[in-house]
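The following exercises are to be worked with the sequence and the coordinates at hand. Each task is followed by a stepwise solution.

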Amino acid sequence: MTAAGPLVVVGDTLLDQDIEGEAGRLAPDAPAPVVDVRSDRSRPGGAGLAAALAARAGRAGREVVLVTALGRDAAADTVRRALHGRLTLVELPLDGTLPVKTRVLAGRRPLVRIDRGGGRPGAADDAVREVLAAAGTVLVADYGRHTARAVRAELAAAARRVPVVWDPHPKGDAPVAAARLVTPNAAEARALLPGSGTTLADDARRGRALAERWRAAAVAVTLGPRGALLTRPATDTPMLLPAPYQADGDPCGAGDCFAAVCAAALADGALPEEAVERAVAEAAAFVSAGGAGNAALWDPAREPAPAARPPSDAYALARDVRARGGTVVATGGCFDLLHAGHVGLLESARRIGDCLIVCVNSDASLARLKGPGRPLNPLPDRIRVLSALGSVDAVVSFDEDSPEALLGKLRPDIWVKGGDYCVEDLPEAETLRGWGGQALVLPYLQGRSTTGLARRAARSASR
């Protein structure tokens, strides 16, 4: 069941600035690097970033409202312009100036951060109270500057009727009772409950203790590249939602992305486990695309990075490897029930070259080849299992009885089959010779086959 009202983001907005350049020398008057500036960009941060990301996540057409404190300074005006047209902005007064956080980066690596500005949020008016009363889902992006404190009574009332996701801060207030999901990162959880270790078991204990302290339905402790640990009060059974791959990029804003996707998923009717799993995947993609500094997030003329990592394009991968002078290896088969023989073959094939592309029979092709009752696993499941193997760089399917047409497009340097085949019997061998490719047979682990496994499983089930 999806939320009927808007997704309302409440929290402290900042202005983030990135000054990027190159540092190839030291200043003559001090041992400090000199940065030759190449670019200077500003963007909303904190709750402003979380709200913008929430507007991109989840169901198309959902209204997103940002409740935040903004002043009359230049930084606040920059935030207003950047958010215009992306969401509805409902302001609290700000006594002071908007906080500005400036990162100086050299060679894409942070060199120093400069913080300035800051103020106190004023009291909520009727417009703010009406927005929170009509919310279908609420995300609190707390940066320790007390915007959430200004509307705490309204947030407590919202938590009793709609999902509330609370992204906490050590300098902020505790989440209101009955929050559906609270999302501290591991460092924040350790700061809130000091004195224990840093293992996964320690993080799980902290998550449970915080859930009990805050009377929250669940706490998701984010672990950076390891994913997130979902815990609940009064249970010793945490759930680890691992990242789908190692994300290499700028992690700035990853926590905002995680919380925003969780809120959007809950608004779409997802369970907390589903919301956290989706958020881990999208946070990884966010980091890979450049994090909050990804210019495509704020440039309307550019398409934002995809919310999730697309599967590897086998054809593009083959072209890239060839362009670098590398060796493209391919193999093929049904892979209907992955077993030790398959794994050994794939690992050996990967060691031959610079990438391994697996060509897998479609469901229709496999059924024609193997007969009634096959496949045991549908094509999407087979592709997912193969893609998860460290030896496999890309997977592509074919509908024909033979992969010859597909090989003509991929043009691999080497085509590998298991030792139960003979090169002379492979029709693909002649195809490969057309562009100078080679067919090879690798040793195959004897006694392993999908058919044999299926027969043993059927005999076991009939006893």
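**Exercise 1: the two sides of a helix**

On the other side of helix α13 from its buried residues, P380 and R384 are exposed (over 50% relative accessible area, 1.4 Å probe, protein chains only). The model is predicted: local features require pLDDT of at least 70, side-chain atom pairs pLDDT 80 or more, while totals for chains, interfaces and linings use all residues. Residues are numbered from 1 along each chain as its sequence is written, and side-chain values use heavy atoms, without hydrogens and water.

Task: Determine which residues of α13 are buried, and against which elements they pack.

Solution.
1. Helix α13 (a DSSP run of H or I, at least four residues) spans residues 379–387.
2. Its buried residues (under 20% relative accessible area) are L379, R382 and L386.
3. Because these residues cover an arc of only 65° around the axis (taken from the directions from the helix axis to the C-beta atoms), they lie on the same side of α13.
4. An α-helix has 3.6 residues a turn, so residues three or four places apart point the same way.
5. The buried residues of α13 pack against α11 (340–352), β14 (355–361), α12 (363–370) and β15 (394–398).

**Exercise 2: strand pairing**

Task: State in which sense β2 pairs with β3 and with β5, parallel or antiparallel.

Solution.
1. Strands (DSSP runs of E, at least two residues) pair if DSSP finds at least two bridges between them.
2. β2 (residues 13–26) and β3 (residues 33–46) are antiparallel over 13 bridges; T13 stands opposite G46.
3. Six residues separate β2 from β3 in a hairpin.
4. With β5 (residues 88–106), β2 pairs in the parallel sense over seven bridges, and G21 has A106 as its bridge partner.

Note on methods:
Contact means heavy atoms within 4.5 Å.
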